[in-house]
Amino acid sequence: MQQLRITLVAIVTILFILKVNWSLVKAQNSLSVEIEKCAQIKQQIFEEVKTFSPLVHGAEEIKITIDNCKPYAPLIVGGSPASPKEFPHIARLGNKKKDGSTEWFCGGTLISEKFVLTAAHCFTSNRGEVNIVRLGELDFDRESDDARPEDFTVQRNIQHKDYSSATIYNDIGLVELQRSVSFDAYKHPACLPTTSGDEFQKLVAIGWGSTRFADADSKKLLKVTLNRFGIDRCQRLTESADVDQLPRGVENRLQICAGSNENKDTCSGDSGGPLLAYHPDYPCMYTVVGITSFGIGCGTPDQPGIYTRVYNYIDWIRNTIWE
């Protein structure tokens, strides 16, 4: 009997180990989709194959791959203007009226040929339904800048099933475009995260939002470098502000806090836009680790903005856009 009990314990232990290992393998295989998609975009946009014919008769042509993937140096409240082609994944979301005029009010991130990542609360705006997306824009007031703006009609807006407008948890959504985007240096996707993002201390936020509280939106695309705040510090700061939309406080699994000890921040109009990290392998590309969700005022030093943590929703994103 004792021997049987030992054998059963051994079998259960082995099964548990196999289950854990299978889960790890499954997770790694799942993330390989994001890794592969990112690598494909980098190759398509930044790698150039040149062919040379040797002077020797009958010799095969020589093919050389030139890698044009160069890093950007980022120097939105306290922000500075973005450079041409620096953020080719940035999207502007708006409502096109029957008279042909458009009101732009949210940001987003292109993540595939037909999908833009944004905040779910952008779908409940009192400015109207999100029915148009602009890609490739830089300065809304200039036509002579180095940009290639293009508008896309929206096919449908997809709000995460667990989002409620009463809170800012699960504040994530997807915009499906009616037609596919033709990728080039001005318009191509950001990479999706394969980690939580907690390994990044410096993050970059971008958008056309206000540069001061209650001001009009910026016409120029702005960028700002922010610091990631640890969860304990973030909880203390948000609790002192008594935020009704966070009845459970900041949830580290679902959200990221980022801010600055200077007056640098995202603001009204930046909602739905990306919180970015430099891609660890491709210096010319960014990984979207967060979505601009909520802020307490604008540009208050040491007061963090709240960003939806994209990594927590990778399965939902994958199942929606690729399967």
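Lys 161 counts as exposed, because its relative accessibility is 68% and exposed means over 50%. The structure in which this residue sits is a predicted model. The side chain of Lys 161 meets that of Asp 162 in a salt bridge, with 3.3 Å from N to O. Asp 162, at 43% relative accessibility, counts as partly exposed. Elsewhere, salt bridges that share partners join Glu 34, Asp 315 and Arg 318 into one network.

Within that network, the side chains of Glu 34 and Arg 318 meet at 3.0 Å, N to O. Both of these residues are buried. A further salt bridge links the side chains of Arg 134 and Glu 137, at 2.9 Å from N to O; Arg 134 is buried, and Glu 137 is buried as well. A search of the whole structure finds 17 salt bridges, among them the pairs just described.

The account now turns to the strands. Six strands close into a barrel, in the order E4-E5-E6-E9-E8-E7, with antiparallel pairing. From one strand to the next, the twist averages 45°. Strand E4, residues 90–96, and strand E7, residues 132–135, pair in the antiparallel sense over four bridges. Ala 91 has Leu 135 as its bridge partner in E7.

Helix H3, which comprises residues 314–321, lies across three strands: E6 (115–118), E8 (150–159) and E9 (173–177). The helix runs at about 20° to E9.

Another set of strands involves E15, residues 305–309. Five of the five residues of E15 are buried, so this strand is largely enclosed by the rest of the structure. Strand E12, residues 255–259, is joined to E15 by four bridges, and the two run antiparallel. Here Ile 256 has Tyr 307 of E15 as its bridge partner. Strand E14, residues 286–295, is also antiparallel to E15 and is joined to it by five bridges. In this pairing, Arg 309 of E15 is the bridge partner of Gly 290.

The last feature concerns the surface. Ile 62, Ile 64 and Ile 66 make a nonpolar surface patch of about 230 Å². Ile 66 belongs to strand E2, which spans residues 62–67. With a relative accessible area of 31%, Ile 66 is partly exposed, because that class lies between the limits of under 20% for buried and over 50% for exposed.

Methods. Residues numbered from 1 in each chain as written. Predicted model: local features only at pLDDT ≥ 70, side-chain atom pairs only at ≥ 80, totals over all residues. Heavy atoms only, no water. Pairing = 2+ DSSP bridges. Axes fitted to C-alpha atoms, helices over the stretch in contact; angles between N-to-C directions. Contact = heavy atoms within 4.5 Å. Buried < 20%, exposed > 50% of the residue type's maximum accessible area, 1.4 Å probe, protein only. Patch = residues over 30% accessible without salt bridge, like charges linked within 9 Å, V, L, I, M, F, W, Y side chains within 5 Å. Areas by Shrake-Rupley, 256 points an atom, 1.4 Å probe, with all protein chains shown as cover. Salt bridge = Lys/Arg side-chain N within 4 Å of Asp/Glu carboxyl O.
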